[in-house]
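Student: I have a small protein model open and would like to talk it through with you. Could we go over it together?

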Amino acid sequence: MCDYTQVEYCCQHFRFVVQRWCSVYERTNKVCAPNVTHLEIRHDELCSDCRPRSPPPWEHMIRRSKRPTPYI
């Protein structure tokens, strides 16, 4: 079984991060049932789904048309 770390966020979401792939996965690339070996609690962070979206630093360099793009 593959070893995973369960990461819990302050938004109550959680993620499984792989620590080590098992030999079956390395041979077949089929994910087996997770074997959670560690728990990491991040009560000071939001998960990537809940984190506010911020524009990239280069957004001001992109020239965008003022007209709406017609959908065809």
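Tutor: Happy to; we will go through the sheet, the salt bridges, one glutamine and the cysteines, keeping in mind that this is a predicted model.

Student: Let's begin with the sheet. In what order do its three strands lie?

Tutor: The sheet is open, and its pairing is mixed. S2 and strand S3 (35-42) stand at the edges with a single partner strand each, so one side of each has no neighbour in the sheet. From one strand to the next, the twist averages 25 degrees. The order of the strands is S2-S1-S3.

Student: Do S1 and S2 run parallel or antiparallel?

Tutor: In general, strands of a sheet pair through backbone hydrogen bonds, and either direction is possible. Here six bridges join S1 to S2. One place to look is Asp3, which stands opposite Arg20 in S2. The two strands run antiparallel.

Student: Now for charged side chains. With which residue does Arg20 meet in a salt bridge?

Tutor: Arg20 belongs to strand S2 (residues 14-20) and its partner to strand S1 (residues 3-9), so the pair ties together parts that are 17 residues apart in sequence. Arg20 is partly exposed at 45% relative accessible area, whereas the partner is buried at 13%. The N to O distance is 3.1 Å, and the partner is Asp3.

Student: How many salt bridges does a search of the whole structure find?

Tutor: One of them is the Arg20 and Asp3 pair. Others include Glu40 with Arg42 and Arg42 with Glu45. The search of the whole structure gives a total of four.

Student: Glu40, Arg42 and Glu45 are linked in a network. How far apart are the closest N and O atoms of Arg42 and Glu45?

Tutor: Take the other link first: the closest N and O atoms of Glu40 and Arg42 are 2.6 Å apart. Glu40 is partly exposed at 31%, and Arg42 is partly exposed too, at 25%. Glu45 also counts as partly exposed, at 31% relative accessibility. For Arg42 and Glu45, the closest N and O atoms are separated by 3.7 Å.

Student: Let me turn to Gln6. Is Gln6 buried or exposed?

Tutor: Gln6 is found in strand S1. Leaving aside neighbours within four places in sequence, its contacts include Phe14, Phe16, Val36 and Leu39. Its relative accessible area is 17%, and the cut-off is under 20%, so Gln6 is buried.

Student: With which side chain does the side chain of Gln6 make a polar contact?

Tutor: His38 and Glu40 are among the residues in contact with Gln6 once its neighbours within four places in sequence are left aside. The polar contact in question has a distance of 3.3 Å. The side chain that Gln6 meets there is that of Glu8.

Student: Last topic: the cysteines. How many disulfides does the count come to?

Tutor: A disulfide needs two cysteine sulfur atoms within 2.5 Å. The sulfur of Cys47 is 3.7 Å from its closest cysteine sulfur, in Cys11, which is too far for a bond. For Cys10 the closest is also in Cys11, at 5.5 Å, again too far. The count of disulfides is therefore zero.

Student: And is Cys47 buried or exposed?

Tutor: Cys10 makes a useful reference here, being partly exposed with a relative accessible area of 31%. The relative accessibility of Cys47 is 0%. Cys47 counts as buried.

Terms used. Residues are numbered from 1 along each chain as its sequence is written. This is a predicted model: local features need pLDDT of at least 70, side-chain atom pairs count only at pLDDT 80 or more; totals for chains, interfaces and linings use all residues. Side-chain values use heavy atoms; hydrogens and water are left out. Helices (H or I, at least four residues) and strands (E, at least two) are DSSP runs, numbered from the N terminus. Buried means under 20% relative accessible area, exposed over 50%, partly exposed in between (1.4 Å probe, protein chains only). A polar contact is a pair of N or O atoms within 3.5 Å; within protein, one must be able to donate a hydrogen and the other to accept it, and residues adjacent in sequence count only if both atoms are side-chain atoms. Contact means heavy atoms within 4.5 Å. Two strands pair if DSSP finds at least two bridges between them. Axes are lines fitted to C-alpha atoms, for helices over the stretch in contact, and angles run from 0 to 180 degrees between N-to-C directions.
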